[in-house]
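Student: Please take a single part of this model and go through it closely. I would like to know how it sits among its surroundings.

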Amino acid sequence: MELSYKAADARVRAIGGASAEHLTAFINSLISQQYSVGYVCIVARHALAFGRWCEGRGIELDALTDNDIARYQRNRARRRSRCAETRRQERQALMLLLRFMREQGICEAAPACVTAVDRVAADFARHLQRDQALAPITVECYARAARQFLDWRFGQAEVCLQDLRPTDAIAFIRHASKRLGPGALKSVTNALRSFLRFGEFRGEITSALAAGVPAVATWTTTPPIPRAIAAEHARRAVDSCDPHTAVGRRDRAVLLLLARLGLRACEIIRLTLDDIDWDRAQLRVHGKGGAESLLPLPADVGEAIAAYLEQGRPTCEDRHLFLRSMAPIRGLLEGSDGVGSIVRYALDRAKVDAPHRGSHQFRHALAVRMLRQGASLPEIGQVLRHRSPQSTSIYAKVDLDALRTLVVAWPGGAR
């Protein structure tokens, strides 16, 4: 394998000149991200051909643009016909090259097409981050909702917040309700109120607009019964992971963190190598809103993590505990469905028909198990790191045996 990598690197160096230096660094970056030998060789071949084409036309790699790649592909298409897959593969390889050059500061970043809506949404995002100190994922969610509202209301025209009326907010929420469920729609209304308060802060609109955003009937006073995975099903999902493969060791550790500690998916993704205190058997968890908690590390969870670190985790500079199994090797991206995918594949392997396919069912199962073993709701809330007692109160519904003792006999019924 190492010889094949060296062969790809040698072919790049053979072209000489300044291009060779940049292309060599690009190929080395692919190798460091642990792309397969075959893929690196394919990318190197496309990069070589593109480099020669640029040199023949006096185009320096540090001045590359997306248009140069498009011109190159049109030129190649005129010379000979190629299948669509080859063209797609070629473009993917050259876009990787261009992205690398931009990340390294070798060539300029792609020019952004900034509209009036983009500028207002960017100002709103900076306000949320600087003045409200919201979490990055919340800032992204709120800014996206604000951009959708402004696009819906103003389109490509200039944004004038003074033209907004209460009926605009109501009409937008009605429009969004056709494609969103109650939970997601409630998030949109919260974002819209925040944006309108931002407009009020800037002196462009009145306070009546934010107050006029309609509420979403999610019936928080009667929340649904949590859908928890059965203990037997959770065990089968964990046992379905192959302990003899790197992916199996990683997935087993992730599932045990879900089942034994009730971690959220985002909390697992945020874990780093520095968050584990092996001497004290503790785990530092980065929760919602930037809150940090120290949790005990159960023996079986620690053993699963140790097995992954010793015989499964790829060698990588990334300090995240759990890494992707395919190139580019890096930590799971926050906001991605990496943990959810691990859960779904495990349920499929175990042939489990779970209440739903997400990772949160393991968290619900831990709460239900604690409740049935006699734990109080405040104790459950402390383990799950709930900030509000109302979040924990939903589990009062699942202990049916305890609830039966509170039932009043029906008048005239059997005693």
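Tutor: Take helix α14, residues 299-311, where a helix is a DSSP run of H or I with at least four residues, numbered from the N terminus. Its 13 residues reach 18 Å from the first C-alpha to the last, close to the 18 Å expected at 1.5 Å a residue (1.5 Å times one less than the number of residues). The model is predicted, so local features need pLDDT of at least 70 and side-chain atom pairs pLDDT 80 or more, while totals for chains, interfaces and linings use all residues. Residues are numbered from 1 along each chain as its sequence is written, and side-chain values use heavy atoms, without hydrogens and water.

Val-301, Gly-302, Ala-304, Ile-305 and Tyr-308 are the buried residues of α14 (buried is under 20% relative accessible area, exposed over 50%, with a 1.4 Å probe and protein chains only). Viewed down the axis of α14, they fall within an arc of 160°, so they line one face of the helix; the arc is taken from the directions from the axis to the C-beta atoms. An α-helix has 3.6 residues a turn, so residues three or four places apart point the same way. On the other side of α14, the exposed residues are Ala-299, Glu-303, Glu-310 and Gln-311.

The cover over the buried residues of α14 includes helix α12 (246-261) and strand β1 (276-277). Contact here means heavy atoms within 4.5 Å, and a strand is a DSSP run of E with at least two residues.

One more point, away from α14: the lining of the largest cavity has 6 nonpolar, no polar and 2 charged residues, and its largest share, 3 residues, comes from helix α8 (residues 166-177). A cavity is a set of points on a 1 Å grid over the protein atoms alone where a 1.4 Å probe fits but cannot get out, and lining residues have an atom within 4 Å of a point. Ala, Val, Leu, Ile, Met, Phe, Trp, Tyr, Cys and Pro count as nonpolar, Asp, Glu, Lys and Arg as charged, the others as polar.
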